[in-house]
Amino acid sequence: MSYPTIRIPFGPQHPFHIEPEYFMFEVDGERVVSVTPRIGYVHRGIEKAIEDRTFIQNLYLIERICGICSNAHTTCYTQAIEEILGVEIPPRARFIRTIIAELERIHNHYLWLGLAAHEIGFETLFMYTWRDREIVMDLLEMVSGNRVHYAMNTIGGVRRDITPEIVEKIRKGLDALEERMRYYKKIAMTEPTISKRTAGIGILKPKDAIALCAVGPTLRASGIKRDVRADDPYIAYDEIPFNVITYDGCDVISRLFVRCDEVFESVNIIRYAMDRLPEGKIRIKVPRRVPEGEAVSRVEAPRGELIHYAKTNGTTKPERYKVRSPTLGNIPSLCKMLVGGYIADIPIIIAGIDPCFSCTDRMAFVNVNNNKQWILSGEELRRYAIKWYQKE
Amino acid sequence: MVRELLKHLLKRPATLKYPFEKRPPFKGFRGRPIWDMKRCTGCELCYKDCPSEAIEMIGKGLEAEFKHHLDRCLFCGQCEEVCPVNAITMTEEYELASYDRAEMIIEFKREEKASKNLSRSSKNV
């Protein structure tokens, strides 16, 4: 390496991704040598805003942290508050929450498959998956009354019931979704367009995945069986049998297969939950004033493990609220995946973790200096100099 | 994949020609909320619970009137849910865009007679 490496800024505005995020790549020829992420461009001050709204108003604010995993965020929030209140929601509400959560997972994975196809230039697959995504969006609108922000969860249960007619319609929709996903998985296995761009790309070894705290499908594609739904069951997951999907490939195509198979699992979970939907109330009345206390709640969002922390002080508003979204957990492993790859693979590797930077950037978070572990020798001083010049 | 593509040659497009063709919303869709002022008791619950301060209340109790700021509304349906007398309903209207924010303030007033009658009856009580 007698030639100096070249720095390529990537973002904050970049045509490959709709959300603003900045990555500084150092490249040697076509190979990426090091990556510096800089997050915080979509910081909206949500955590502070949560502190001066009531618990009921926060339901709708927290839902808007992320458009795609909106239900996962409210499930996590309501769980934390219900824990502080010491109430248990009715079994029917738990099952309805599970059905919505799994429909949301199907929606997210369809969306991701389309985006990944778009990233590798396979526009036909992108169009088809997004057309089929409409099926699940229509189902969610039918159940909840809205396509994106379902507003189904409330503290003490769910807001709407699932009637037998809706169950029938969901069954029909699930059949179509399952059949289509089977077809897409077959395409992914046979079509050289996909395997050439994704197989062996963005390697994350199991050891690194654990060391860098990867979450969700990214972790499971490295062969590690870890899923909050199975490890620490919440809502109705302890009563529903399902498999945790893992693949050993450690590359982008394994992440694709993990998501394809998770759709089949979700379909089975929803069918099982609809067959055994308990009778009874869908919500219980809870006081508006929440006693003093704190709680941590975990949810397996479609993108990975989501953690919420709530601290209350006996008023109608929370004292402190903290959200750790799955994408934030995946950024260190993302940097690991990018190093050693080609510049042309950057978009698909970043897309491979299913990033949601709106989730990530609720607070200013600069983690530039902690990335030392994968800086090559002699690079550190150079980077210091570069930064020093940038300040001027 | 080629076979799938050829199959789709003969199919109709999956999209609708929107302004001319409309997809009716599903039953229970959360569209623009409307107030039934004959039922409203002015309890302030909808005004207090609104997460985006889209509901403005003028006056108190049985004389209260509402301004609904459509440009701030989230269509979450919390006002409908919390109303103790079911005075608020979410309609299925969804084409609510406008060029002017002033046009997006919708007023809900009590009829002159009705409000007088109500205030009189409340005095009697």
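What follows is a walk through a predicted model with chains A and B, going from the strands and domains of chain A to its core and then to chain B.

The strands at the start of chain A make a handy entry point. Strand 1 of chain A, residues 6-10, lies antiparallel to strand 2 of chain A, residues 22-28, and five bridges hold the pairing on record. One of the matched pairs here puts Arg7(A) opposite Glu26(A), its bridge partner in strand 2 of chain A. Strand 2 of chain A also pairs with strand 3 of chain A (residues 31-38), again in the antiparallel sense, this time over seven bridges. In that second pairing, Met24(A) has Thr36(A) in strand 3 of chain A as its bridge partner. Strands 2 and 3 of chain A form a hairpin with two residues between the strands, and Gly29(A) in this hairpin takes a positive phi near 65°.

Moving up a level, chain A splits into two domains, and both are built from separate stretches of sequence: domain 1 covers 6-43 + 327-391, while domain 2 covers 46-202 + 230-241 + 273-325. Where the two meet, 20 residues of domain 1 of chain A are in contact with 20 residues of domain 2 of chain A. On the domain 1 side, helix 12 (326-338), helix 13 (346-352) and helix 14 (357-360) of chain A each put in at least two residues. Sorted by class, that side of domain 1 has ten nonpolar, seven polar and three charged residues.

The largest nonpolar core ties in with this picture. It has 116 residues, and those touching the most other members are Ile96(A), Ile99(A), Ile100(A), Leu103(A), Ala116(A), Ile270(A) and Leu338(A). Helix 4 of chain A (residues 91-119) gives this core its largest share, 14 residues. Because domain 1 and domain 2 of chain A both give residues to the core, it lies between them. Ile270(A) shows what the packing looks like at one position: leaving aside residues up to four places away in sequence, Ile270(A) touches Ile99(A), Glu102(A), Leu103(A), Ile170(A) and Leu174(A).

Two backbone spots in chain A deserve a second look. Most residues other than glycine have a negative phi. Cys250(A), however, has a positive phi of about 60° and is not a glycine. Cys250(A) sits in the loop between helix 10 (228-231) and helix 11 (252-275) of chain A. With 21 other C-beta atoms within 10 Å, Cys250(A) counts as buried. Asp354(A) is also not a glycine and has a positive phi of about 60°; its place is the loop between helix 13 and helix 14 of chain A. Asp354(A) is buried too, since 25 other C-beta atoms lie within 10 Å.

That leaves chain B. Its secondary structure amounts to four helices and five strands, and from the N terminus on the elements follow the order α-β-α-β-β-α-β-β-α. Chain B has 125 residues, of which 18% are buried. As for its contacts between residues at least 6 apart in sequence, 67% link residues at least 24 apart. Chain B meets chain A through 15 residues, which are in contact with 15 residues of chain A. On the chain B side, these break down into nine nonpolar, three polar and three charged residues.

Technical notes: Residues numbered from 1 in each chain as written. Chains lettered and ligands numbered in written order. Predicted model: local features only at pLDDT ≥ 70, side-chain atom pairs only at ≥ 80, totals over all residues. Pairing = 2+ DSSP bridges. Domains from an automatic or database assignment. Contact = placed C-beta atoms within 7 Å. Nonpolar A, V, L, I, M, F, W, Y, C, P; charged D, E, K, R; others polar. Buried ≥ 20, exposed ≤ 12 C-beta atoms within 10 Å, placed from the backbone. Core = buried A, V, L, I, M, F, W, Y, C linked by C-beta atoms within 7 Å.
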